[in-house]
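Grab your viewer and work through these exercises. Each one sets a task and then walks through a solution.

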Amino acid sequence: MQKLLTATALTAILASSAFAQEIKEFNIGILGGENAQDRLTSNECFRAKIEEALGVPVKIFTPADYDGVIQGLLGGTLDYAWLGASAYAKVYLTDPEAVEVKLTKQNVDGSTGYYSIGFARKDTGITDMDTAKGKVFAFADPNSTSGYLVPGAELTAKYGTLEDYFAEVKMSGGHEQTIVGVANGDFDAGVSWADGLGNWEDGYNSGAFRKAADAGLVDMSNLVEIWRSTLIPEGPMVVRKALPQDVKDKVTTLTADLWETDKDCAYAVAAGDAKDFVPVEHSAYDGILAARKLQEGM
């Protein structure tokens, strides 16, 4: 019996050691949308919590564009990211085995969607997309759902080729760049994202406007909403599929419990006020996958 117990204990120790050797670090990718330092600051609390839970060094990576996170997940150099639906679609269409969908953000009203919001400076006299005709218009990033895929498709369907409708169409590089660019007069109008709940003057409850307003980058009272997309499914939080199951479970549980355990940290991660991080399925993104296939001629 003693030999059996010893053998069993030895097996458990070896299994534990093998698990420890499977993961020596954990890397989080944060999509563009605000400057790199703000992304690091907003997610530092989250990084520290995951590091404590996993017992290995955890690093945050802030590539200059969305594709940096996408390629990191596909190449296995990133383990976790909160993607927009379009970015997830690109990952899945490139390699359906690269990541697993786990969670998404639930708004304060219980919904799990958000909007692409068209906006302009109040003093320009632009009040809708009709009066934005012939102006300089900014999108965020080719891989952004609310910053390009959805508004580009919806506006093209209504107004035709956007390069003909607007005086110039530009890619700002990210949501923060679009918001600040419009506020500073670099662009006449543009699109960014928000949950559409709460007050415009606050940047709504959550989203890129809220982040910019909280950071003091813009005074929302100087901007005006000129357009709103149909509801977009909130993007998924994904983990690299090849990770050990225990690692995936720990990170998912920690994230799912974040609003209950540390509201300030959850607020920073969620880009504003929300209700929870809740489970989501791949099927929630079927429409975005179809749109992405059309965009890429697949």
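**Exercise 1.** In this predicted model, list what Trp 200 touches once residues up to four places away in sequence are dropped, then place Trp 200 in its core.

*Solution.* Step one: the list for Trp 200 is Ile 117, Phe 119, Phe 209, Met 220, Leu 223, Val 224 and Glu 225. Step two: Trp 200 sits in the largest nonpolar core, a set of 43 residues. Leu 73, Leu 83, Trp 200 and Phe 209 are the ones with the most contacts inside that core. Step three: ask who contributes. Helix 4 (residues 85-94) gives the largest share of this core, 5 residues. Finally, look for a separate cluster: another core lies apart from this one, with 27 residues that include Leu 54, Met 237, Leu 258 and Ala 274.

**Exercise 2.** Search the whole structure for cavities of 30 Å³ or more and describe the lining of the largest cavity.

*Solution.* The search turns up 1 such cavity. Its space comes to about 550 Å³. Next, the walls: 33 residues line the cavity, and Leu 31, Gly 32, Trp 82, Trp 193 and Ala 271 are the closest to its centre. Among the elements giving two or more residues are strand 1 (26-29), strand 3 (80-82) and helix 7 (175-184). Helix 2 provides the largest share, 4 residues. Sorted by class, the lining has 16 nonpolar, 12 polar and 5 charged residues.

**Exercise 3.** Now do the open counterpart: what is the volume of the largest pocket, and which element supplies the largest share of its lining?

*Solution.* Start with the volume, about 200 Å³. Then go to the lining, where you'll find Phe 139, Tyr 148, Thr 161, Glu 163 and Gln 295, among others. Helix 5 (145-159) and helix 6 (162-165) each supply at least two residues, and helix 5 has the largest share with 5. The class tally is 6 nonpolar, 4 polar and 1 charged.

**Exercise 4.** Is Arg 292 buried or exposed?

*Solution.* First locate Arg 292: helix 12 (residues 286-295). Its relative accessibility is 3%, and the cut-off is under 20%, so Arg 292 counts as buried. Beyond its neighbours within four places in sequence, Arg 292 is in contact with Ser 86, Ala 89, Lys 90, Leu 93, Pro 142, Asn 143 and Leu 149.

**Exercise 5.** Where does pLDDT stay under 50?

*Solution.* Begin with the chain as a whole: the average pLDDT is 91, and 92% of the residues score at least 70. The stretch to flag is residues 1-21, where pLDDT stays under 50 and the model has 3 contacts beyond four places in sequence. Where pLDDT is low, don't read the predicted coordinates in detail.

Methods. Residues numbered from 1 in each chain as written. Predicted model: local features only at pLDDT ≥ 70, side-chain atom pairs only at ≥ 80, totals over all residues. Heavy atoms only, no water. Buried < 20%, exposed > 50% of the residue type's maximum accessible area, 1.4 Å probe, protein only. Contact = heavy atoms within 4.5 Å. 1 Å grid on protein atoms, 1.4 Å probe; cavity = no way out; pocket = protein on both sides within 12 Å on 5 of 7 lines; lining within 4 Å. Points joined across faces, edges and corners; volume = space filled by probe spheres on them. Nonpolar A, V, L, I, M, F, W, Y, C, P; charged D, E, K, R; others polar. Core = buried A, V, L, I, M, F, W, Y, C linked by side-chain atoms within 4.5 Å. pLDDT = per-residue confidence, 0-100.
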